[in-house]
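This report describes one protein chain for a reader who is new to structural biology. Please keep the sequence and the structure in view while reading.

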Amino acid sequence: MRKPTRTLLAAALVLGVSAGPALTPAFATPSAAASTARPASPDLGAVIAGLPRADATAALVRLGGTEGSWSGSSGVHDLTTGAPADPAARFRAGSVTKVFTAAAVLQLAAERRIGLDRTARSYLPELIPGRYATVTVRQLLNHTHGIPAPDLAVGDTVEEWYAHRFDVHSPEAMVRSATAKPREFRPGTKQHYLNIGYTIAGLIVERVTGDTYEHQVERRILRPLGLRDTYLPGDAAELVGPYNHGYQTMRLDDGTTGLRDVSVWRATDGWAAGDLVSTTADLERFTRALFAGRVVRGPLLEEMFTLPKVADLKSGDPAAYSAGLSMKRLGGREVWGKTGGRWGYNAAIASTRDGARTLVYSVNSTDAKGQDMNPTALRLMVAAYGLPG
């Protein structure tokens, strides 16, 4: 039986989430051939018109680059008042955090304070056991380390995760849990997209600087670029500043299935892999600066645009992840970027290598960690760049 078009596209652009039951790679290889035509003038307004819908309650979008610019918003600030969505609102960016973490590590590598070919154990001998003695910093960043995900004792369903939404997960405890298990594969031989490599990378940043990961990202990236609406929340469950509420479809207290407000939720399970809060304007500024070589400079920037020559552990497809970013051919050209998901929120940054077309979006998805990419987010990506191929 032929799969519906949306399912095929979702397989081609499936979301890499920051934490939760489903952990699947962004921009995975499509399961069927598709047209390579790309739109010259994307009608993103039509994509987000009519929100809220079943799959999303709001969307904020910015298209930029030398090919033209557009910004827009749709949907509601919250379902109780029905007030219009705030286009300047902050949101949880999920695994887009990894791009910031990778950039901080690569800056430290440029300063010769971190060696990409040095082992993680050489920086964190008390945390990384002998079975992972050969894992390098580069392998942490490009997901070829072979370290499995930690056991968070939360559960598999969204209802179980919601019940534990205020739990605090320390990065050290997550690393101990993960590294107590057998390795998934010999380091450097396969790729498996997981958060744990970035958790370890964040701890290495702290070890070599004698400072917090959060302050290092602020000092190195947020402050120099003027990203005043971007921050790392630490243990805080509440979003600071204006935000559009996020909702998740789940079983409610009365036994029915409906939408629950999930805006207030600690993101400590994500930390250096997935707890960033930002705006579309800030992420657009960051994306433009990153691709222009103003965040990571010189040869080390190429680490972010170099895919390891290994296969994905689960699909067997060629690796799709570099240090911080992922790549997919859309509309006949390479598009680099990163998607992210926290409960109630999907986000993405994307750009052609030359910066000709950038895309940033936040979609208040009602199933932000589903197996398929959110339909509104999927249509935004395709409208901006074209179909996979």
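The following paragraphs treat the chain as a whole, its salt bridges, its backbone, and some individual residues.

**The chain as a whole**

The model is predicted. The chain contains 11 helices and 12 strands. Of its 389 residues, 59% count as buried. The accessible surface of the chain comes to about 14,700 Å², and carbon and sulfur atoms account for 51% of that surface. Contacts also show how parts of the sequence are brought together: among those between residues at least 6 apart in sequence, 70% join residues at least 24 apart.

**Salt bridges**

The structure holds 15 salt bridges. Three of them are listed in the table.

| Acidic residue | Basic residue | Closest N to O distance |
|---|---|---|
| Asp229 | Arg90 | 2.9 Å |
| Asp269 | Arg342 | 3.1 Å |
| Glu302 | Arg353 | 2.8 Å |

Consider the salt bridge between Asp229 and Arg90. Asp229 lies in the loop between H9 and strand E5 (247-251), while Arg90 lies in the loop between strand E2 (70-75) and strand E3 (91-94), so this pair ties together parts that are 139 residues apart in sequence. Asp229 is partly exposed, with a relative accessible area of 31%. Arg90, in contrast, is buried, because its relative accessible area of 14% is under the 20% limit.

The second pair in the table is Asp269 and Arg342. The two residues belong to distant parts of the chain, 73 residues apart: Asp269 is in the loop between strand E6 (257-261) and strand E7 (276-278), and Arg342 is in strand E10 (residues 333-342). Asp269 counts as buried at 5% relative accessibility. Arg342 likewise counts as buried, at 3%.

The third pair is formed by the side chains of Glu302 and Arg353. This pair also links distant parts of the chain, with the two positions 51 residues apart in sequence numbering: Glu302 is in the loop between H10 and E8, and Arg353 is in the loop between strand E11 (345-352) and strand E12 (358-365). Glu302 counts as partly exposed at 38% relative accessibility, and Arg353 counts as partly exposed at 29%.

Salt bridges can also join into a network, as they do for Glu67, Arg333 and Arg357.

**A positive patch on the surface**

Which residues form a positive surface patch? The patch is made of Arg228, Arg285, Arg288, Arg294 and Arg297. One of these, Arg297, is placed in the loop between helix H10 (280-291) and strand E8 (311-312). Arg297 counts as exposed because its relative accessibility of 56% is over the 50% limit.

**Backbone features**

A cis peptide bond joins Leu51 and Pro52, with omega at about 5 degrees. Pro52 is found in the loop between helix H2 (44-48) and strand E1 (56-64).

Arg112 is not a glycine, yet it has a positive phi of about 65 degrees. Its place is in the loop between H3 and helix H4 (120-123), and at 78% relative accessibility Arg112 counts as exposed. Trp271 is not a glycine either, and its phi is positive at about 40 degrees. Trp271 lies in the loop between E6 and E7. Is Trp271 buried or exposed? At 8% relative accessibility, Trp271 counts as buried.

**Selected residues in helices**

Glu214 is found in helix H9 (residues 213-225) and is partly exposed, with a relative accessible area of 22%. Leaving aside residues up to four places away in sequence, Glu214 touches Glu206, Leu232 and Trp271. Glu214 and Ala272 are 58 residues apart in sequence, and their C-alpha atoms are 8.4 Å apart in space.

Lys98 lies in helix H3 (residues 97-110). With a relative accessible area of 1%, Lys98 is buried. Lys98 and Gly340 are 242 residues apart in sequence, and the distance between their C-alpha atoms is 9.2 Å.

Gln139 lies in helix H5 (residues 137-141) and counts as buried at 14% relative accessibility. Not counting residues up to four places away in sequence, Gln139 touches Thr134, Thr144, His145, Pro187 and Gly188.

Definitions and conventions: Residues are numbered from 1 along each chain as its sequence is written. This is a predicted model: local features need pLDDT of at least 70, side-chain atom pairs count only at pLDDT 80 or more; totals for chains, interfaces and linings use all residues. Side-chain values use heavy atoms; hydrogens and water are left out. Patches are made of residues with over 30% relative accessible area and no salt bridge: like charges are joined within 9 Å, nonpolar side chains (Val, Leu, Ile, Met, Phe, Trp, Tyr) within 5 Å. Accessible areas come from the Shrake-Rupley method with a 1.4 Å probe; for residues, only the protein chains shown count as cover. A salt bridge is a side-chain nitrogen of Lys or Arg within 4 Å of a carboxyl oxygen of Asp or Glu. Lys and Arg count as positive and Asp and Glu as negative; His and the chain ends are not counted. The place of a charge is taken as NZ of Lys, CZ of Arg, CG of Asp or CD of Glu. Helices (H or I, at least four residues) and strands (E, at least two) are DSSP runs, numbered from the N terminus. Buried means under 20% relative accessible area, exposed over 50%, partly exposed in between (1.4 Å probe, protein chains only). Contact means heavy atoms within 4.5 Å.
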